[in-house]
Amino acid sequence: MKAKWIRGTTGAATALLGLLLLTFMIGRVMPLDPVLAIVGPDADRATYEQVYQQLGLDRPLWAQFGRYLGDLAQGDLGRSLLTGLPVTQDLARVLPATLELATLAILLGALLGVPLGVWAASHHKRWPDHVARVLGLLGHSTPIFWFGMMGLLVFYAWLGWAGGIGRIGLGFEGAIPRVTGLMLVDTLLAGDTAAFRSALRHLLLPACVLGLHSMAYLSRMTRSFMLAQLSQEYITTARVKGLSRRQVVWGHAFLNIRVQLLTILALAYGGLLEGAVLVETVFGWPGFGSYLTGSLLLGDMNAVMGSVLVIGLLFVALNLTADALYRVFDPRARS
Amino acid sequence: MFPASSWPLRRRHLPALFAAGWGAAQADSPDDQLLVGMSMNNLLSLDPAAATGLDAATVACNFYDSLLEVDAADATQLRPSLAESWAVSDGGRRLTLKLRPGLVFASGRPLTAAHAAWSLHRVLKLNLAQASVWKSYGYTTANAAAGIRAEDPLTLVLDLPQPTDPVLVLMTLATSMSGYVVDRDAVLAHEVKGDLGNAWLTTHAAGSGAFELEEWRPKELLTMRRAARYWQAPAKLRRVVVRHMTESQTLRLMLARGDLDVAGGMSAPDVRALARRPELVVEEVRRATMYYVAVNARHPRFTDERVRRAVLRHLIDFQGVASGVLPFYGELQMRPVPPGLPASLPQPAYSFDPAAARRLLAEAGLPNGFDTTIRVVAEAPFTGIATSLQATLAQGGIRASILPGTGNQVYGAMRERTFEIIVGRGGGGAEAHPHSSLRALVYNPDNRDSARLSNFQGWRTGYADAELNRLIEQALLTPDAAAQTALYQQAQQRLDERVPAIQPIAQMLDTQVLRRAVQGYVGHPSGATRLREVYKVSKR
């Protein structure tokens, strides 16, 4: 057990180091100039070179990377060139926003997508199956950006149900003390029910849009897993024994796809955490995806490296969690 | 099919959910707050010595005051601000500014001429983005203490190290962020490793403006509150909330819903749609910045003046681009000096003429045209201009590929002089002065690669004309206004005769959409739109 834990930790650390090295090298060969972003287009040569040196860009690549790792070992991810703040502080600000959005989205996606997939599989080639497949196809192939805009148009602009842009109404901005960074939690902790309702109204629509995308993916995968199980002989046996359809589907077939579902749920959740940038852009959501993309486009490599490290850690954590849950759901994994 | 009883949520639970999620009243824009939506992508620092670009200018002018201001309606007119009067003496080499008595910073500390001098010294010592203009006037860290000094608490003296037009320097004091007076004691209290408070001022403000910075979350939100101790009449708004928003259609929806008061950086179709709504007003402010097409005169393809003439004078559909691509982004302008200045000239008679272009190319030994690339920032209106240019170049036999990229990539290639054709925007400067425009766009005192004068577009495009440089330099030092105007006009005529590597096509328009309830909002040509006079007409 101890050896397995050591192997796992070593493997994760090696993967993270490789990820950082790769990101660092890509960042340095990309035709992006962080100095230009800082000094502006009209700065003269002396100013440009002064900032170039201040950023340490005149040093050899290995020295730059070594220094980064040295600082990282002390918990210092450096300072973002573009926000002027420590990257850890930036990440602590943007990550909870995405965490809140992605968590609700994956919950919505799983709660709708998994039953839909099961329903489709248990009515294979009948109208529920066709409906689920069309929904899955639409949800997966329609650009999420378009869904976001249409959602805003209908639920915000026409019906006035959704809260609109940002995480909370502009009138509440700055009025809620930041404790966890999760707006729903912070508004509750502040005891401000009006702010909580505003935060919820702002969260629901982007979460539904993201969740719809996840729902499509999860329903298609669930359907496929279920179809494979429903064609097994033990299912025929169960039916012959007189079990109800519900017992067969949920009590036998579904139990056997839980491990596969866990894997795709973990991957889908990880994808939402790092890749919600389009929804964040449409909804003015100040999250992790926007932060990473903006930093990348302007060559802010401290921010990019810090973000990539967080993504790596998130995936490692999700994989470890999924591994742990395998043991709960699959007796074979326990041995 | 699932039986209804298997659903964990019953139908009767739904109204409660709706009530929690959607029951709240719409948070409408309050009367004492201004809600602004704009991109803050380029707002990287609030430090007046380091900040660059319009985003920073738009925000920082509300935290800081400058010694002088320029009139929003006539950008050539200086107005008092912290300084109540100013004088030019010693043959234009000395500027004396008298500050108002009783000025205070937001911190409550008195604001004196010593703070104004220190603020300028700080710009030079830090040598960041805002130092360039002062270095161009001959100031260095070595001569700053003697050349910029407080003679008494209310008198600031600037001795110009080299001959220049004193009006230009006064314009810089009035329009550049480098002219903002910072609270020395507040800044030095946060100094780290001799940075003169640069790291702290990046995300904080220490000025004497009508508003104080309440909170800034980069690329998310900036809030400012009315300063308690403003030296003029207090701002009419209690609070201003600026939200980072980059998606034009989202801005449009929020304006239409009444959840925003002011929106900037919107796409032309969205502005056009909103212009039809009676509760909204579209305001366009002319900036000195130009949209241009530039070629690299160092590239073998464009060293021949006939090729440049063919491309820049006959293969750009100026009228078509202005009317089809640039509404709400820019207005047709084919000279570097914008209209409204004494030296401005009428538009030249450049016209789209593929036949003339083909003749010129044939004379240059290129009867079959050539292949080339157009670098362009991948956003409107640049891509529209580039697409139009690609089509019109094709009519002259030039086969161009478009290379879209970020601003960093596109202008980076220009700074390295590794481009062929670029569609860009720049130049002009904040000062409404012909020198500012000509210097930014066509002046190039040293065309060698080793000179690396990448702050001049003239150098970036690899075009140098000694006579043109002489005219620009001579005009700057000519004290007589009429003679100076004549020289600037000669410089522009020289540009007509010769073909520089950069061709302005439009003067930039900064388009804002406002709710009609917003009053007193006057967009400033320099970008420094102060909100102290803005108020909202009550909806109740």
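In this predicted model, 5 of the 7 residues of strand β14 of chain B, which covers residues 371-377, are buried, so the strand is largely enclosed by the rest of the structure. Its partner is strand β15 of chain B, residues 399-405; the two run parallel and are joined by 7 bridges. Within this pairing, B:Val376 has B:Pro404 of β15(B) as its bridge partner.

A second group of strands in chain B forms an open sheet of 4 strands, in the order β4-β5-β7-β6, with antiparallel pairing. The edges are occupied by β4 (83-89) and β6 (148-152) of chain B; each has a single partner strand, so one side of each is left without a neighbour in the sheet. On average, neighbouring strands of this sheet are turned by 20° against each other, when direction is ignored. The edge strand β4(B) is joined by 6 bridges to strand β5 of chain B, residues 94-99, and the two run antiparallel. In this pair, B:Ala83 stands opposite B:Leu99 of β5(B). As a general point, side chains in a regular strand alternate between the two faces of the sheet.

Helices lie across this sheet. Helix α3 of chain B, residues 113-126, lies across β5, β6 and β7 (155-159) of chain B, and runs at about 170° to β6(B). Helix α6(B) lies across β4, β5 and β7 of chain B, and its direction is at about 35° to β5(B). How many of the 10 residues of helix α6 of chain B are buried? The count is 10 of the 10 residues in this helix, residues 166-175, so α6(B) is largely enclosed by the rest of the structure. Among these buried residues are B:Pro166, B:Leu168, B:Met171, B:Thr172 and B:Thr175.

Further along chain B, two helices pack against one another. Helix α11 (residues 305-314) and helix α13 (residues 354-363) of chain B have axes 8 Å apart and pack at an angle of about 165°. Because of that angle, α11(B) is roughly antiparallel to α13(B). The crossing of α11(B) past α13(B) is left-handed. From α11(B), the contact draws on B:Arg306, B:Val307, B:Arg309, B:Ala310 and B:His314, while α13(B) contributes B:Pro354, B:Ala356, B:Ala357, B:Leu360, B:Leu361 and B:Glu363. By class, the contact of α11(B) with α13(B) comprises 7 nonpolar, 1 polar and 3 charged residues. In general, an α-helix has 3.6 residues a turn, so residues three or four places apart point the same way.

Chain A is built from 16 helices and has 0 strands. Its C-alpha trace spans about 85 × 55 × 40 Å along its principal axes. Of the 335 residues in chain A, 45% are buried. Among contacts in chain A between residues at least 6 apart in sequence, 71% join residues at least 24 apart.

The two chains meet in a contact that takes 52 residues from chain A and 56 residues from chain B. On the side of chain A that touches chain B, several helices each supply at least two residues, including α2 (34-39), α5 (87-122), α9 (193-230) and α14 (288-297) of chain A. The largest share of that side, 6 residues, comes from α9(A). By class, the residues of the side of chain A that touches chain B divide into 28 nonpolar, 16 polar and 8 charged.

Definitions and conventions
Residues are numbered from 1 along each chain as its sequence is written. Chains are lettered from A and ligands numbered from 1 in the order in which they are written. This is a predicted model: local features need pLDDT of at least 70, side-chain atom pairs count only at pLDDT 80 or more; totals for chains, interfaces and linings use all residues. Two residues are in contact if their C-beta atoms, placed from the backbone, lie within 7 Å. Ala, Val, Leu, Ile, Met, Phe, Trp, Tyr, Cys and Pro count as nonpolar, Asp, Glu, Lys and Arg as charged, and the others, Gly among them, as polar. Axes are lines fitted to C-alpha atoms, for helices over the stretch in contact, and angles run from 0 to 180 degrees between N-to-C directions. Angles under 35 degrees count as roughly parallel, over 145 as roughly antiparallel, 65 to 115 as roughly perpendicular and the rest as oblique. A crossing is left-handed if the near helix is turned anticlockwise from the far one by less than a right angle, and right-handed if clockwise. A residue is buried if 20 or more other C-beta atoms lie within 10 Å of its own, exposed if 12 or fewer, and partly exposed in between; C-beta atoms are placed from the backbone. Two strands pair if DSSP finds at least two bridges between them.
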